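The exercises below are meant to be worked with the sequence and the model open side by side. Please attempt each task before reading its solution.

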Amino acid sequence: MITITWLGTASILIEACGQKVLFDPFVELAGGRNPNTLEDFEGVSDICVTHGHVDHLFFIPELVEGQDATVHCPASAARTLEGFLEDNGNIVRTRPGESWRLGEMKLTAYRGKHVTFSPALIAKRLFSPQMLRRPKNLLFLAWAHPRFRERGETLVYEIEVQGRKILLLGSMALDEETEYPEGADLLILPYQGKSRPEEAACRIVERLMPKRILLDHFDDAFPPVSRQEDTRPLYRLLSGRFPQIRVVKPKAGRPVCF
């Protein structure tokens, strides 16, 4: 049995064959929709990071110092981490095309791409009255944003275990020139970053044609900059274009078995 637990934001825990792999752990900021703590991420030996933005990387140093975990991440994210860690021995720079095994799991990294935020969406967030409601969060994000950069290095991970394939994206975009595996048993798809995210998501689904989709990164995790995305337009669009593909919107902390 494969168990997948969404822990808020883009944080995903995959468990199978006695192995636990954690992806993009992040503790939501004050006022976040799904409050969590570092304790939710304990007990793992391997952490995979898709890219170096603050909501995917910031808490890695505390996790590594508190437990003996190996961190697999792009080179730019590794350089960021090295600036915060005294001992960098647990950091593995992961490149597109590399594969490795963790027990019965096989992981493969592909070149990904970060979503290009819609200008209209940026303007709407910046000039929203909500921007004044969480000043401490704003100060933190203003400090963290220039220090935690993606730098054009985002990874997509394929996880193969028990005869099934899971494709995990860290952002709602794909590299145009990369050939990704099609027909995965499960696509883990972030749902945030566009004024019409349902259209961007459908283009990804059309290209990858997974059998099933699990959404993440749709929640209001770092207010006042983020928001809770309405996933109903995506359900309507997918039901018309790809009625055979089931979409799961998980609840934070509640395992999904498949």
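Five exercises follow, each with a worked solution.

The model is predicted, so local features need pLDDT of at least 70 and side-chain atom pairs count only at pLDDT 80 or more, whereas totals for chains, interfaces and linings use all residues. Residues are numbered from 1 along each chain as its sequence is written, and side-chain values use heavy atoms, with hydrogens and water left out.

**Exercise 1. The open sheet**

Task: Establish the order of the strands in the open sheet and identify its edge strands.

Solution: Begin with the elements themselves, which are DSSP runs numbered from the N terminus, helices being H or I with at least four residues and strands E with at least two. Two strands pair if DSSP finds at least two bridges between them. On that basis, 7 strands make up an open sheet of mixed pairing, in the order S6-S5-S4-S3-S2-S1-S14. Strand S6 (91-93) and strand S14 (256-257) are the edge strands, since each pairs on one side only.

**Exercise 2. Strand S2 and its two neighbours**

Task: Describe how S2 pairs with S1 and with S3, and determine how much of S2 is buried.

Solution: Take S1 before S3. Strand S1 (residues 3-6) pairs with S2 in the antiparallel sense over 4 bridges, and the bridge partner of Thr5 in S2 is Leu13. The hairpin of S1 and S2 has 5 residues between the strands, and Gly8 takes a positive phi near 95° there.

Next, strand S2 (residues 12-16) and strand S3 (residues 19-23) run antiparallel and are joined by 5 bridges. In S3, Phe23 is the bridge partner of Ile12, and Val21 is that of Ile14. This hairpin has 2 residues between its strands, and Cys17 in the turn has a positive phi of about 55°.

Finally, apply the accessibility classes, in which buried means under 20% relative accessible area, exposed over 50% and partly exposed in between (1.4 Å probe, protein chains only). S2 is mostly covered, with 4 of its 5 residues buried.

**Exercise 3. A helix on the sheet**

Task: Find which strands helix H3 touches and what its buried residues pack against.

Solution: Contact here means heavy atoms within 4.5 Å. Helix H3 (residues 75-82) packs on the sheet and touches strand S5 (70-73) and S6, its direction making about 150° with that of S6; axes are lines fitted to C-alpha atoms, for helices over the stretch in contact, and angles run from 0 to 180 degrees between N-to-C directions. The buried residues of H3 are Ser76, Ala77, Ala78, Thr80 and Leu81, and they pack against H1, H2, S5 and S6.

**Exercise 4. Nonpolar cores and aromatic pairs**

Task: Characterise the largest nonpolar core, and then explain what the aromatic pairs tie together.

Solution: A nonpolar core is a set of buried Ala, Val, Leu, Ile, Met, Phe, Trp, Tyr and Cys residues joined through side-chain atoms within 4.5 Å. The largest has 51 residues, and Ile4, Ile14 and Phe23 have the most contacts inside it. Its largest share, 6 residues, comes from helix H6 (residues 197-208). A second, separate core has 31 residues, including Leu22, Phe26, Ile60 and Phe222.

Rings of Phe, Tyr and Trp (its six-membered ring) pair if their centres lie within 6.5 Å; planes under 30 degrees apart count as stacked, over 60 as edge-to-face and the rest as tilted. The whole structure holds 13 aromatic pairs. Phe58 and Trp143 are edge-to-face, at 6.3 Å centre to centre with 90° between the planes. Phe58 lies in the loop between helix H1 (54-57) and helix H2 (60-66) and Trp143 in helix H5 (residues 135-144), so this pair ties together parts that are 85 residues apart in sequence. Trp143 counts as partly exposed, at 34% relative accessibility.

Trp100 and Tyr157 have ring centres 6.4 Å apart and planes at 85°, so this pair is also edge-to-face. Because Trp100 lies in strand S7 (residues 99-102) and Tyr157 in strand S9 (residues 155-161), the pair ties together parts that are 57 residues apart in sequence. Both Trp100 and Tyr157 are buried.

**Exercise 5. A salt bridge between distant parts**

Task: Locate the two partners of the Lys113 salt bridge and classify their exposure.

Solution: A salt bridge is a side-chain nitrogen of Lys or Arg within 4 Å of a carboxyl oxygen of Asp or Glu, and the count by this rule comes to 10. Lys113 forms one with Glu176, the closest N and O atoms being 2.6 Å apart. Lys113 is in the loop between strand S8 (105-111) and helix H4 (119-126), and Glu176 is in the loop between strand S10 (164-168) and strand S11 (186-190), 63 residues apart. Lys113 is partly exposed at 30% relative accessibility, whereas Glu176 is exposed at 55%.
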